[in-house]
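Got your viewer open? Let's take a walk through this structure, one selection at a time.

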Amino acid sequence: MSDRLDVTFTVNGDKRTICVEPRRSLADALRDDCGLTGTHLGCEHGVCGACTVLVDDQPVRSCLMFAVQAEAARVRTVEGLAAGDKLHPLQQAFWDHHGLQCGFCTPGFLMLAVSILERDPDIGEPRLREALSSNLCRCTGYQNILKSVLAAAAAMRK
Amino acid sequence: MRWVGRSLPRYEDPILLQGRGRYTAVLARGARILRFLRSPVSRGRILALNAPPEIPIITTAVLGDVKPVCPRLDRPDYVPVPQPILAHDRVSYVGEPIAAVIADTAAQAEDLAEQVTIEIETETPVVTLNQALAPGAPLVHDTAAQNTLIDARFETPEVGAAFAAAHQVVEFTFTSGRQAAMPLEPRGAVAAFDLATGRVLLSASTQMPHLLRTGVADALGIPESELRVIAPEVGGGFGQKMALIPEYVVVVWAARHFACTVAWIEDRLENLTASFHARDQRLHLRGAFHADGSLLAIDADILCNVGAYSNFPATCGVEPLMAMADMPGPYRVPEYRARARGIATNTCPMAPYRGVSRPVITAAMERLMDYAAARLELDPLEIRRRNLITEFPHTSVTGVVHDPGSYREAMEAAARVVDVAQFRERQQQARLDGRWLGLGMSVFAERTGPGTPAFAARRMVITPGYERVELVMDPSGFLEARIGSSPHGQGLRTALAQLLADEIGIAPAEIRVISGDTDRTPYGWGTFASRSLVLAGGACKLAAAALRERLQMVAGQTLEAAASDIEISDGRAFVRGTDLAVDVRQLARAAYHQSHRFEAIADTGLSAVATYDPYGTFSNACHIAIVEVDVATGQVTIERFVVVEDAGRLVNPMIVEGQIHGGVAQGIANALYEKVVYDDGGNLLTGSLADYLVPTMAEIPRIEIHHLATLTDASVTGAKGVGEGGTIGAPAAILNAVSDALAPFGIDIFEMPITPQSIAQLLREGGAKRNER
């Protein structure tokens, strides 16, 4: 297990080369090797979605993907959403509409929502509800997450 | 400008939204990692631990004189049982920690753990209440006869006569499945040994940092001053992170022993297997009713499966004693008999979980109301009208004092919102089309912010309750509030800043609330029992009044006016009725740097301390659920969910509604989805989130909230707690709604969760019964 491999990918636009064991998950590589601890681990078996990141614009459970599978990929994490001090419209909407409580699921929901709205900016509530049901939240009862994403979608269409 | 009552966006959020939240696992980077070896069986004798000699294993023998955890109640009907930090001769549940290994990374620690084998001579476990109570059942603890850790009784003199005189006696057995709190962030701790001071900084995902310090220090036999406990960002707790766990003791021991930084980050399997569970209860409930529907007496036999050990500090009495004391809920119950037992089994121990017993007793009592109403041919609203408390203060049959609330008003308002009469018409029409709709309600009281009197009544040796707050204004005029409570997602920092801002007359953005650090905050009890806004908020209000007086003195002297003529708002101090004014910032600067001018505040400067320890206050609500049951599949769909809530004065309505949303979602989970399942051997069958069904956005409907506001002097701020109500009320409303939907099939629901499988089975049995008639 100690034979390490070099992996090169971009994270939030920065090219990174890290040297990891083949068994290392992308989530662990992002957190421990890249220092991007905004990606959270809630279950490590692909159900809760707290570790959702975008790999080549697709939402991915980073706990279920090996870091070595990200070779040459374009990875986006919650740390890349805001532009300097300016929050991404989704972050702003979650703030305005109380879309988070403890905040542990929030990075995963934000990344999931980014991918949903990039693919379908006009998504309606029923389909949005279904898509967002990919991830778990234990605090909010989901109501304000849905409200936040709908508000962000409206803001992003302007 | 007034701040209380506004839906101010939370100060907590920007950090969390950008992924900068400092949760425990972030602090574990670079630490040596502990991995626990856990019992693979539910009951047995440990014969040997085999490991290659190069792997150092931490066992009880290595720990030396570390003391077991032994939670206590000062009651003769309670049997204290010590829980070893690591199991040595016996194991008593699957997941019980036996030993630990340590390595430089989590992966290496797992590799080491795989090389250790544990030999255990297995024994037949007791898993269920029936098994534990069977004559001659094996004992989980030799000192606890019949596996009974607590056996509490209550009886009023005339309860027998009340049953004898009753027009109608109804009874049933109600069963609640075992649930896991399932905070999205599992537990975890990082202990850093400081070579310079010899102290350990323990950062842990905890709701109770001060009590964690006490518990760990006591177990290790060290003064509390050798420990600093920090609760960093905590990713949900819901009660599971209240109790002291053996793992934290080992983490601190290892940091001291190896003189380094040591971390343990729990994985989800550990969390579902070996963290605390809750709500595994069976109630036999009898109600005696007068012909007019008024309740004459309740007789309750309360059995709680409390697992293998008692939790510290609440003890395994927390569920049975809460059930016994609060069973009458929002109703007048003249006569009452109860027996409440906590039964030890070879399963994971229980701890408080959001609502603590009240989701179960509320479901049972609300089922009793509907069940009795049907037999007395009364409308469910009408039977409640005849029994709800309407005069305050009301002292319940068990001696619990209810401050003013709106039990009846909340129910009537909820009934108006859903238009019950119109629903009944729709329900009739739907039945003709073979669609089965049901409406269910629950009315309940939520005891919030209990102070020491409430816990002393339970005879806890460690009696929590009070909250202390220290306020310090710095020379730049910014205020620091150091609180004993320790929030984990509730938005308390924002709400307290709003309260303090109004009391002192500065902006909430100029207030920093410090929590969750035992070096920086006064001893307090953390976050549980819907207490933080009531108690820490109350203490903030009292301390703020004292600080404002000091500012008035400084301002009065500065403006050459009487202190009593000074008003402070928006960061300015004015002489009332004039345009003489000075900035609070200037006053703060002067108080520190020209202190010789202000003898009146020489003792404390611009600081103030207050402690608040009231009896507690009740918030209340009515939930109404409208559901549709698909009798072909047993699927329950929630069409509408309405909450009429009375939490007194709302400091931040947005946060209050968020608490209700989340609480109701957990209540719906309790009613329909989540169940921890053991097999006959005590093996956990629900060790992943694919087996333990936490609802998603697809299952949780829109939750419609309406507010009432009864202001009482039981809370100095007028605010009542609201953290648990959603979870308490929702299961009862759902179960009543499902029962209402299935009434044509002769089905009443007396269990939760009520899954499609159990509905299908009831339909088969109900069908069979109808065929017999």
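**Stop 1: chain A as a whole**

Select chain A and hide the rest: of its 158 residues, 57% are buried. Keep in mind as you look around that this is a predicted model. Colour by secondary structure and you should find five helices and five strands. Following chain A along its sequence, you meet them in the pattern β-β-α-β-β-β-α-α-α-α.

How compact is chain A? Its radius of gyration is 16 Å, close to the 15 Å that the globule rule gives for 158 residues, so chain A is as compact as a globular protein of that length. If you like boxes, the C-alpha atoms of chain A fill one of roughly 45 × 30 × 25 Å along the principal axes. Now think about contacts in chain A between residues at least 6 apart in sequence: 59% of them join residues at least 24 apart.

**Stop 2: two residues with positive phi**

Stay in chain A and select A:Ala72, in the loop between strand 4 (58-61) and strand 5 (74-76). Its phi is positive, about 70°, although A:Ala72 is not a glycine. Is A:Ala72 buried or exposed? Just 9 other C-beta atoms lie within 10 Å, and the cut-off for exposed is 12 or fewer, so A:Ala72 is exposed.

Next, jump to A:His98, in the loop between helix 2 and helix 3 of chain A. A:His98 has a positive phi too, near 55°, and is likewise a residue other than glycine. The surroundings are another story: A:His98 has 24 C-beta neighbours inside 10 Å, and 20 or more is enough to call a residue buried, so A:His98 counts as buried.

**Stop 3: where the chains meet**

Bring chain B back. The contact takes 42 residues from chain A and 43 residues from chain B. On the chain A side, highlight helix 2 (89-96), helix 3 (106-119), helix 4 (125-132) and helix 5 (143-157), the elements that give two or more residues each. Which of them gives the largest share? That is helix 2 of chain A, with four residues. Colour the chain A side by class and you get 20 nonpolar, 15 polar and seven charged residues.

**Stop 4: a helix pair in chain B**

Select helix 19 (residues 653-672) and helix 20 (residues 725-741) of chain B, which pack at an angle of about 45° with their axes 7 Å apart. The two helices are therefore oblique to each other, and helix 19 of chain B passes helix 20 of chain B in a right-handed crossing. Show side chains where they touch: among them are B:Gly662, B:Gly663 and B:Gly667 from helix 19, and B:Gly725, B:Gly726 and B:Gly729 from helix 20. This contact has nine nonpolar, 10 polar and no charged residues.

**Stop 5: B:Val360**

Move to helix 11 (residues 358-375) of chain B and pick B:Val360. B:Val360 is buried, with 31 other C-beta atoms within 10 Å. Beyond its neighbours within four places in sequence, B:Val360 is in contact with B:Ser176, B:Arg279, B:Gln281, B:Leu283 and B:Ala323.

**Stop 6: two cis peptide bonds**

Finish with two prolines. B:Pro313 sits in the loop between strand 16 (295-307) and helix 10 (318-326) of chain B, and the peptide bond from B:Phe312 to B:Pro313 is cis, with omega near 5°. Then find B:Pro393, in the loop between helix 12 (380-385) and strand 18 (394-395) of chain B. The bond from B:Phe392 to B:Pro393 is also cis, with omega near -10°.

Key
Residues numbered from 1 in each chain as written. Chains lettered and ligands numbered in written order. Predicted model: local features only at pLDDT ≥ 70, side-chain atom pairs only at ≥ 80, totals over all residues. Contact = placed C-beta atoms within 7 Å. Nonpolar A, V, L, I, M, F, W, Y, C, P; charged D, E, K, R; others polar. Rg over C-alpha atoms; globule rule 2.2 N^0.38 Å. Axes fitted to C-alpha atoms, helices over the stretch in contact; angles between N-to-C directions. Parallel < 35°, antiparallel > 145°, perpendicular 65-115°, else oblique. Left-handed = near helix turned anticlockwise from the far one by under 90°.
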